[in-house]
Amino acid sequence: MAQDPRTTSGLRIRFERAAGNLPRYTLHPGELLPNPLVDPDLLHEFRVEEMSHRITESTPPIRAALSIGRGPVALIEQLASCGGTPVYLHVGYSAQVDFARYSETISALDRRDRIPPVADSFAALFGRPYGGYRSVIEAVRCDDRTAAMLAVETGSTVLMREMTMYDMEGISRHICWTHYRPDLTAIVAATARSRRPA
């Protein structure tokens, strides 16, 4: 899911050539996957692989974020890479979903040539209008499995973003944790600019 780049939150993704000829991933607040405006010369180098997609039991942090009790949630895990180099590992959980429909919708989104705006994807997945998100980014130590997936040393410092997505009624529908390689990631944020009077 990626937000329409025409919105005021400035959610876009681009790649810049970094040292060693590796592209640098630019992370904007609320961005989940690259939008259709990614540099076409680099788009073929960017790949998102679905690692897991299933029902699992919730944990206390998931239940707190989604304001739910004990019970199953839908899990999706994705590994993104560019030019064969791992960039980030994404793990997300959703509650109160018809898993068969949810799974079918994810598969349909995966088959699209262009990634739709986040509001469209959210509505398709949850049957509710998109209401926004809350995001926190911090530096954390990398555990064994995440380190192996990102091809970094265990205990290395990585950027971890926690994001909760809400519907228009303020109900949290999705919580995700994404770990980014800091050597390939830049964080960019900007406020909306007012249009000058004519």
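The following dialogue works through several features of a predicted model.

Colleague: How many helices and strands does the chain have, and how do the elements run from the N terminus on?

Modeller: The secondary structure comes to five helices and nine strands. From the N terminus on, the elements run β-β-α-β-α-β-β-α-α-β-α-β-β-β.

Colleague: What part of the chain is buried?

Modeller: The chain has 198 residues, and buried residues make up 47% of them. The chain exposes about 10,700 Å², of which carbon and sulfur atoms supply 50%.

Colleague: How should I read contacts between residues that lie apart in sequence?

Modeller: One takes the contacts between residues at least 6 apart in sequence and asks what share joins residues at least 24 apart. In this chain that share is 60%.

Colleague: Which residues have the most contacts inside the largest nonpolar core?

Modeller: A nonpolar core is a set of buried residues of certain types, joined through side-chain atoms within 4.5 Å. The largest one here has 20 residues, and those with the most contacts inside it are Ile-62, Leu-66, Val-73, Tyr-93, Ile-175 and Trp-177. Two or more residues of this core come from each of helices H2 and H5 and strands S4, S5, S7 and S8. A second, separate core of 12 residues includes Ile-106, Val-118, Tyr-130 and Cys-176.

Colleague: Which residues is Trp-177 in contact with, leaving aside its neighbours within four places in sequence?

Modeller: Trp-177 is in contact with Pro-61, Ile-62, Leu-89, His-90, Val-91, Tyr-93, Met-160, Arg-161 and Glu-162.

Colleague: Where on helix H4 do its buried residues lie?

Modeller: Helix H4 covers residues 118-126, and its buried residues are Val-118, Ser-121, Phe-122, Leu-125 and Phe-126. Seen down the axis of H4, these residues fall within an arc of 105°, so they line one face of the helix. Just after H4, Gly-127 takes a positive phi of about 65°.

Colleague: Which sign of phi do most residues other than glycine have?

Modeller: Most residues other than glycine have a negative phi. In this model, Ser-67 has a positive phi, near 55°. Ser-67 is found in the loop between helix H2 (60-66) and strand S4 (72-82). Ala-151 also has a positive phi, near 60°, and is found in the loop between helix H5 (144-150) and strand S7 (157-167).

Colleague: Are Ser-67 and Ala-151 buried or exposed?

Modeller: A residue counts as exposed when its relative accessible area is over 50%. Ser-67 has a relative accessible area of 63% and is exposed. Ala-151 counts as exposed at 53% relative accessibility.

Colleague: What surrounds Ser-58?

Modeller: Ser-58 is found in the loop between strand S3 (46-57) and helix H2. Buried means under 20% relative accessible area, and Ser-58 counts as buried at 9%. Not counting residues up to four places away in sequence, Ser-58 touches Arg-63, Ile-68, Gly-69, Arg-70, Gly-71 and Val-73. A polar atom of the Ser-58 side chain lies 2.9 Å from the backbone oxygen of Gly-71.

Colleague: How many disulfides does a search of the whole structure find?

Modeller: To count as a disulfide, two cysteine sulfur atoms must lie within 2.5 Å. The search finds zero disulfides. Of the cysteines, Cys-142 counts as buried at 4% relative accessibility, and Cys-176 counts as buried at 0%.

Terms used:
Residues numbered from 1 in each chain as written. Predicted model: local features only at pLDDT ≥ 70, side-chain atom pairs only at ≥ 80, totals over all residues. Heavy atoms only, no water. Helix = DSSP H or I, 4+ residues; strand = E, 2+ residues; numbered from the N terminus. Buried < 20%, exposed > 50% of the residue type's maximum accessible area, 1.4 Å probe, protein only. Contact = heavy atoms within 4.5 Å. Areas by Shrake-Rupley, 256 points an atom, 1.4 Å probe, with all protein chains shown as cover. Arc of directions from axis to C-beta. Polar contact = N/O pair within 3.5 Å; in protein donor to acceptor, adjacent residues only side chain to side chain.
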